[in-house]
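Please open the structure in a viewer and keep the sequence at hand. The tour below proceeds by selection, one stop after another.

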Amino acid sequence: MRLVIVFTALLTCLLISPAHAGLFDRPKDPAAMMLNQKDCTYMKTYRGKTVNGEFIRPDRWVGSKFSIGEPTIIANFKRLDEKTAHFTNVNNIGDGQGVRVYVGKTTDALEARLSDGSLILVCHLNK
């Protein structure tokens with residue numbers, strides 16, 4: 001009984017302590033947020049969404065016309081830390097090995113850029 005009371009008191013202190021409050025209400029970092037966004041543009045050409053780090057275009061290219069309703073995975077995005085990620089894609093940027101991208105957040109979008117500043121992926125934040 002005494003152990004339960006001590007544990008409950010300790011847990012209560014941790015949860016309401018200002019020093020530990022940040023552990024539970026910390027906002028997501030840009031690289032984590034980019035893993036799931038609904039309104040994205042890849043390479044200034046393809047419009048789609050990111051789902052669990054896969055950039056998906058809702059239709060696929062067939063010869064010289066579009067075939068609607070068959071989603072295509074265009075790129076894969078793996079978070080490395082809060083501001084960087086590893087990006088692999090069908091366009092073989094980085095000779096097929098993928099590249100490191102730098103992710104940042106503006107007031108209305110998330111952006112992934114190459115080391116030279118070239119924009120690879122932009123996702124408009126849902127309002």
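In which sense do β7 and β8 pair, and over how many bridges? Select both strands: β7 and β8 pair in the antiparallel sense, over 5 bridges. The model in view is a predicted one.

**Stop 1: the hairpin of β7 and β8**

Display the backbone between the two strands. The hairpin has 5 residues between its strands, and Gly117 there takes a positive phi near 95 degrees. Next, select Ala112 and find its bridge partner in β8, which is Leu121. Keep Leu121 selected, for Tyr42 also stands opposite Leu121 in β8.

**Stop 2: the whole chain**

Now zoom out and colour by secondary structure. The protein chain has 3 helices and 8 strands, and their order along the sequence is α-α-α-β-β-β-β-β-β-β-β. Of the 127 residues in the chain, 31% are buried. If a surface is drawn, the chain exposes about 8,700 Å², with carbon and sulfur atoms supplying 58% of that area. Where contacts join residues at least 6 apart in sequence, 32% of them link residues at least 24 apart.

**Stop 3: strand β1 and its two partners**

Select residues 37-42, which form strand β1. On one selection, add strand β2, residues 46-51: β1 and β2 pair in the antiparallel sense over 4 bridges. On another, add strand β8, residues 119-124: β1 and β8 run antiparallel and are joined by 3 bridges.

Return to β1 and β2, which form a hairpin with 3 residues between them. Met43, in the turn, has a positive phi of about 55 degrees. Select Lys44 as well, in the loop between β1 and β2. Lys44 has a positive phi of about 60 degrees although it is not a glycine. Most residues other than glycine have a negative phi. Lys44 is at 70% relative accessible area and therefore counts as exposed.

A further example follows β2. Asn52 lies in the loop between β2 and β3 (54-62), and it has a positive phi of about 50 degrees without being a glycine. With a relative accessible area of 65%, Asn52 is exposed.

**Stop 4: Thr41**

Is Thr41, in β1, buried or exposed? Its relative accessibility is 13%, so Thr41 counts as buried. Show the side chain of Thr41 together with that of Arg47: Thr41 stands opposite Arg47 in β2, and a polar contact of 3.1 Å joins the two side chains. Leaving aside residues up to four places away in sequence, Thr41 touches Tyr46, Arg47, Ile120, Leu121 and Val122.

**Stop 5: the disulfide**

Select Cys40 and Cys123 and display their sulfur atoms. Cys40 stands opposite Cys123 in β8, and a disulfide joins the two residues, with an S to S distance of 2.1 Å. A disulfide is a covalent bond between the sulfur atoms of two cysteines. The count for this model comes to 1 disulfide. Because Cys40 lies in strand β1 and Cys123 in strand β8, the pair ties together parts that are 83 residues apart in sequence. The torsion about the S-S bond is about 110 degrees, so this disulfide is right-handed. Both Cys40 and Cys123 are buried.

**Stop 6: the nonpolar core**

Which residues have the most contacts inside the largest nonpolar core? Select Met34, Tyr42, Phe77, Phe87, Val101, Val103 and Leu121, which have the most contacts within this core of 22 residues. The elements that give two or more residues to the core are α3 (30-33), β1, β4 (65-79), β5 (84-89), β6 (99-105), β7 (109-113) and β8.

**Stop 7: Asp29, beside α3**

Finally, select Asp29, in the loop between α2 (18-25) and α3. Asp29 has a relative accessible area of 15%, which is under the 20% limit, so it counts as buried. Where does the side chain of Asp29 reach at 2.8 Å? At that distance it meets the backbone nitrogen of Ala32. A polar atom of the same side chain of Asp29 lies 3.2 Å from the backbone nitrogen of Ala31. To complete the view, add Arg79, Asp81 and Glu82, which Asp29 touches when residues up to four places away in sequence are not counted.

How values were computed
Residues numbered from 1 in each chain as written. Predicted model: local features only at pLDDT ≥ 70, side-chain atom pairs only at ≥ 80, totals over all residues. Heavy atoms only, no water. Pairing = 2+ DSSP bridges. Core = buried A, V, L, I, M, F, W, Y, C linked by side-chain atoms within 4.5 Å. Buried < 20%, exposed > 50% of the residue type's maximum accessible area, 1.4 Å probe, protein only. Disulfide = S-S within 2.5 Å. Contact = heavy atoms within 4.5 Å. Areas by Shrake-Rupley, 256 points an atom, 1.4 Å probe, with all protein chains shown as cover. Polar contact = N/O pair within 3.5 Å; in protein donor to acceptor, adjacent residues only side chain to side chain.
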